[in-house]
Each structure stands twice: as C-alpha cells, then as structure tokens.
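Got the viewer open? Here is a short walk through the model, one selection after another.

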Amino acid sequence: MRVVAALVLAPIAIALAYLGGVAWIVLVTLAAIGLFAEWLMITGLGRETRVLAPGIAALLLAGLCLMAGRIDAALVVLAVGAVALLLVSGERRNWATAGFLYAAAAEIGSVLVRLDAVKGFAALMFVLLVVWVTDIGGYFAGRSIGGPKLWVRVSPKKTWAGAIGGFVASLLVASGFAAFEIGTTGPLLLLGAALSVVSQLGDLFESAVKRRFGVKDSSHIIPGHGGLLDRLDGFVAAVIVAAIFGFLRGGADGVGRGLMVW
C-alpha cells in the first residue's frame, strides 16, 4: 500500500508542480490546511472549533492572496491568524500556534520556491527529489544494514545506517542535476546535503511531537503512510529552509534562481 500510494500521489504532485500558478497554490493550500488539522488532532485540539476555524480560514485566505500574487497580503493574513490563535486557544495556545505557523511556513515556502518562472520548477523538483530519495534511501539502508539506532527515544526504528544512506542518495540527486547542467556541481552537492539533513531533522521533529502526545500516526488519510504530517514532515522542513536560503540570494520572486543559479 505504501508503494501504491506513492505511485499515485507522486505523479499528481509533479504534474501540479509543473503547472505551477493556481494549480500548485491550490494543492499547497489544501495540504497546509491538512497539516494544521492533523497537528491539532495530535495535540488534542482537533475537536476545538474555536481553534480549528480561524486557522483554516487564515490559511485559505492566504492561499487566495497568493493566487492573486499578493505575498505581502498573505503574510499579513497569516500573522493575524497566528495572533487570533494565541487569543482563543486557551491553555494549549503554544501548541496550537506552533502548528499554525508550521503549516503557514510550509504554505508560503512551497509557493515561493515554485514562483520563479524560469527556475522555479527545477528548484521545487530538486527539493522534492532530495526529500524523496532521502526517505527511500534511508528506508532501504536502514532495513538492509541495520546497526546502531539514531535516536531511540524519539524514533526507535531509525538507524545511523539509514540516515547515511538517505544522505548519500541526496548527493546522487544533486549529481544528476549537475550532469544535466541544471546547476553547478559543488553548490548543488552542498545544497542537496543540507536539505537531506534538514529533511531528516524534520522527520525526527514530527516524531518527537507525536511521541510527546502518545500518537503513532497523525491520521490514516494516506494508505500505508499514515497522515499528511507523516508523509510531508521532511518536505516541510526542507522547503522552508530552501525558501529562506533562496529568498536571501534571489529575493521573493527569485527564490528558484537563488537556489539553482550560482
């Protein structure tokens, strides 16, 4: 089921990423709403309408602003949403607001990386492929080699062999991009390595949150994978870091160039 789900979902994500624009923003916005809802379920706030409603409304309105090309307005909406959650969430306001900011950063970061008309798709595919091969390489290396555990208290099944295997796989992706002249070898290797590590840290972060609340899966929406958080934890971390780095080098409308052009 894990393989079948991946074979169905991956082509859809790639196709919408290729189309970009409204199609990609719709997918990203829906995913962000799903991430926020699952975070609330993990932290015991999933049935709190007073928390769920303003967060979803802010993420949805931010998506509409992004479709209109108003990144500034989207950021204002998300800031207002965060303040609203702080005011209405009660004793668990920190967890509720953290989940909202997590989903909001994923929404903004995913759109910014794809925004560049020239290099946006290449940059987004680079992030996606690094995350995917880190996960796949880590899975097979961990299962076939085994050995010392990476962090037993947070994720009992993860091993150092898996972490290294995923890291090496990300370097192969970077080398492939360089071989097809989609970027320069040295910077892409460094970028791929960094995003692979960040992706694995994102996975561990989500595992730590689930363990804190005694939850195994964030939901059961994806057969064989669990929930959106279970599937996208590494991507969220990687795309946020990629967006920040690309923004620092290329500005809001040149994140893709900032990542791929050296």
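Start by selecting Trp 95 and showing its side chain. Its relative accessible area is 27%, so Trp 95 counts as partly exposed. Keep in mind as you click around that this is a predicted model.

Now add Trp 39. Is Trp 39 buried or exposed? With a relative accessible area of 4%, Trp 39 is buried.

Look at how these two rings sit. An aromatic pair search over the whole structure turns up 10 hits. In the one formed by Trp 39 and Trp 95, the ring centres are 6.2 Å apart and the planes meet at 40°, so this pair is tilted. Colour the helices and you'll see that the pair joins distant parts of the chain: Trp 39 belongs to helix H2 (residues 21–42) and Trp 95 to helix H5, with their positions 56 residues apart.

Next, select Tyr 102. Its ring pairs with Trp 39 as well, at 5.5 Å centre to centre and with 35° between the planes, which is again a tilted arrangement. Here too distant parts of the chain are linked, since Trp 39 is in helix H2 and Tyr 102 is in helix H5, 63 residues apart. Tyr 102 is buried, at 12% relative accessible area.

Want the whole group on screen? Add Phe 205 and Phe 213: together with Trp 39, Trp 95 and Tyr 102 they make up a cluster linked by ring pairs.

Stay on H5 and bring in its neighbour, H3. What angle do the axes of helix H3 (residues 49–67) and helix H5 (residues 93–115) cross at? Roughly 15°, and they come within 11 Å of each other. A crossing angle under 35 degrees counts as roughly parallel, and therefore H3 is roughly parallel to H5. The crossing is right-handed. To see the contact, select Val 51, Gly 55, Ala 58, Leu 59, Ala 62, Gly 63 and Leu 66 on H3, then Ala 96, Phe 100, Ala 103, Ala 104, Glu 107, Ile 108 and Val 111 on H5. Colour that set by residue type and you get 11 nonpolar, 2 polar and 1 charged.

For another helix pair, jump to H6 (residues 120–145) and H9 (residues 228–250). Their axes come within 10 Å and cross at roughly 140°. The roughly antiparallel class takes angles over 145 degrees, so H6 and H9 are oblique to each other. H6 goes past H9 in a right-handed crossing. On the H6 side, pick Leu 124, Val 127, Leu 128, Val 131 and Asp 135; on the H9 side, pick Arg 231, Gly 234, Phe 235, Ala 238, Val 239 and Ala 242. This contact splits into 8 nonpolar residues, 1 polar and 2 charged.

Last stop: a loop. Select Ile 182, which lies between helix H7 (160–179) and helix H8 (185–212). Its relative accessible area of 28% makes Ile 182 partly exposed. Which residues does Ile 182 touch, leaving aside its neighbours within four places in sequence? Show Lys 119, Ala 122, Phe 177 and Met 260 to see its contacts. Finally, run a distance from Ile 182 to Lys 119: the C-alpha atoms are separated by 9.1 Å, although the two are 63 residues apart along the chain.

Conventions
Residues numbered from 1 in each chain as written. Predicted model: local features only at pLDDT ≥ 70, side-chain atom pairs only at ≥ 80, totals over all residues. Heavy atoms only, no water. Axes fitted to C-alpha atoms, helices over the stretch in contact; angles between N-to-C directions. Helix = DSSP H or I, 4+ residues; strand = E, 2+ residues; numbered from the N terminus. Parallel < 35°, antiparallel > 145°, perpendicular 65-115°, else oblique. Left-handed = near helix turned anticlockwise from the far one by under 90°. Contact = heavy atoms within 4.5 Å. Nonpolar A, V, L, I, M, F, W, Y, C, P; charged D, E, K, R; others polar. Buried < 20%, exposed > 50% of the residue type's maximum accessible area, 1.4 Å probe, protein only. Phe/Tyr/Trp six-rings, centres within 6.5 Å; stacked < 30°, edge-to-face > 60°.
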